[in-house]
Amino acid sequence: MNNPLADFIQDLPKAELHLHIEGTLEPELMFAIAKRNGIPLDFASADELKKAYRFNNLQEFLDIYYLGAKVLLHEVDFYDLTMAYLNTCAVQNVVHTEIFFDPQTHTERGIAFDTVIRGIRRALEDGERQLGITSRLILCFLRHLPEEAAFQTLEEALPYKEWITGVGLDSSELGNPPSRFARVFRKAGEEGFLLMAHAGEEGPASYIREALDLLQVIRIDHGNRCLDDEDLVQELVLRQIPLTLCPLSNLELKVIRQLADHPVKEMLEKGLLATLHSDDPAYFGGYINENYLRTAEAVGLTRHDLGQLAIHSFQASFLPDPEKEIWIDRVNTYCAAC
Ligand code: ADE
Ligand code: ZN
């Protein structure tokens, strides 16, 4: 069906800044990889599995997400996973992507750090060469695990520093405040990694405050709950700290009751550097374009708003300034012609 807004979003150049590579594992690919690795799954088919994708909160999702990742054993599995995602980026006009990976999800199962990162990295190199998509890789510590495990993961990452731009913090937020990871983030910063953290998805505004003050992050992943604290909002606006929002994720994990309740429009009006992304698209029913479109329709984002969100995505990226400028010019030219 003809949808002019969908066409506009399709051709808008975009950067994806909040994307867990393990969350792009589509049921069909999960089944294919499970089969070739001889791993039994609890579901008879990809369709059966999809029926289980109903979540009441973040933890219910994470339980299934960590189960799904167990099919990934070999370098080629991580390559295929990443390449499949990059092909979708090419289709959706995502020209630059900054990808989270969760090494502890794999090293805890006995998979070598080297296996994980080498498969992802080889796909990112092929993605740039074959599809023209630039990328960065961000290592996330799992916050439900002890600080000591994060330190060990950081140690394992050091030989691969050239391939890893930054570190983040993800997994079960409630009860695992950023303060638990202040020391490991300090060490990561000293090693030259850029710092960011999931905060204010399910957790309170005080977790965002902790991420800023104790972890010294330069980007907040989600950050929805900042709106509960007016002083915090003012600081985020003043410092232009990016908030990488994921509306379909918020809907599926019951962070919001309906998409019309998503705060992105209010955030733009307040001058926050909000951006839109897909988080775990294989689980939440859509990649970046579906996030743009469904949110636009639900909260009434204009083409100007959508262009602004795309510009923000490049501003908030870790691209060098001249490359940011090129893409921002292209978005402006594109929007002026529409
Ligand atoms: N890991 C994968 N997706 C996540 C999310 N939305 N929040 C926290 N951890 C995650
Ligand atoms: Zn996330």
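This report walks through a predicted model, starting with its sheet and moving on to a helix pair and a few loop residues.

## The sheet

Let's start with the strands. Eight of them make an open sheet of 8 strands, in the order S1-S2-S3-S4-S5-S6-S7-S8, and the pairing is parallel. S1 and S8 sit at the edges, each pairing on one side only. Going from one strand to the next, the twist averages 25°.

At the S1 end, S1 pairs with strand S2 (residues 94-101) through 5 bridges, in the parallel sense. If you want a residue pair to look for, try His-20, whose bridge partner in S2 is Phe-100. Further along, strand S3 (residues 134-142) and S4 also run parallel, joined by 5 bridges. Here Cys-140 has Gly-168 in S4 as its bridge partner.

## Strand S4, covered on both sides

How many residues of strand S4 (residues 166-170) are buried? The count is 5 of 5, so the strand is mostly covered, given that buried means under 20% relative accessible area.

In a regular strand the side chains alternate between the two faces of the sheet. In S4, Gly-166, Gly-168 and Asp-170 point one way, while Val-167 and Leu-169 point the other way, and all are buried. Gly-168, the bridge partner of Cys-140, is thus among the buried residues of S4.

## Helices H10 and H11

Two packed helices are described by the angle between their axes and the distance between the axes. For helix H10 (residues 205-213) and helix H11 (residues 230-239), the axes come within 11 Å and cross at roughly 40°. That crossing makes H10 oblique to H11, because the roughly parallel class takes only angles under 35 degrees. As for handedness, H10 passes H11 in a left-handed crossing.

Which residues meet where H10 and H11 touch? On the H10 side they are Ala-205, Ile-208, Arg-209 and Leu-212, and on the H11 side Leu-232, Glu-235, Leu-236 and Arg-239. Sort the residues of this contact by type and you get 5 nonpolar, no polar and 3 charged.

## Glu-22, a buried loop residue

Glu-22 is in the loop between strand S1 (14-20) and helix H2 (27-37). Is Glu-22 buried or exposed? With a relative accessible area of 4%, Glu-22 counts as buried, since the cut-off is under 20%.

Setting aside neighbours within four places in sequence, Glu-22 is in contact with Tyr-65, Leu-81, Phe-100, Phe-101, Asp-102, His-106 and Tyr-283. Phe-100 has already turned up as the S2 bridge partner of His-20. Glu-22 and Leu-309 lie 287 residues apart in sequence, and their C-alpha atoms are 25 Å apart in space.

## Two positive phi angles

Now for a couple of backbone oddities. Gln-240 isn't a glycine, yet it has a positive phi of about 50°. You'll find Gln-240 in the loop between H11 and strand S7 (242-245). Gln-240 is partly exposed, at a relative accessible area of 36%.

Asp-279 also has a positive phi without being a glycine, with a value near 65°. Its loop is the one between strand S8 (273-276) and helix H14 (281-284). Asp-279 is buried, with a relative accessible area of 2%.

Definitions and conventions
Residues are numbered from 1 along each chain as its sequence is written. Chains are lettered from A and ligands numbered from 1 in the order in which they are written. This is a predicted model: local features need pLDDT of at least 70, side-chain atom pairs count only at pLDDT 80 or more; totals for chains, interfaces and linings use all residues. Side-chain values use heavy atoms; hydrogens and water are left out. Axes are lines fitted to C-alpha atoms, for helices over the stretch in contact, and angles run from 0 to 180 degrees between N-to-C directions. Helices (H or I, at least four residues) and strands (E, at least two) are DSSP runs, numbered from the N terminus. Angles under 35 degrees count as roughly parallel, over 145 as roughly antiparallel, 65 to 115 as roughly perpendicular and the rest as oblique. A crossing is left-handed if the near helix is turned anticlockwise from the far one by less than a right angle, and right-handed if clockwise. Contact means heavy atoms within 4.5 Å. Ala, Val, Leu, Ile, Met, Phe, Trp, Tyr, Cys and Pro count as nonpolar, Asp, Glu, Lys and Arg as charged, and the others, Gly among them, as polar. Buried means under 20% relative accessible area, exposed over 50%, partly exposed in between (1.4 Å probe, protein chains only). Two strands pair if DSSP finds at least two bridges between them.
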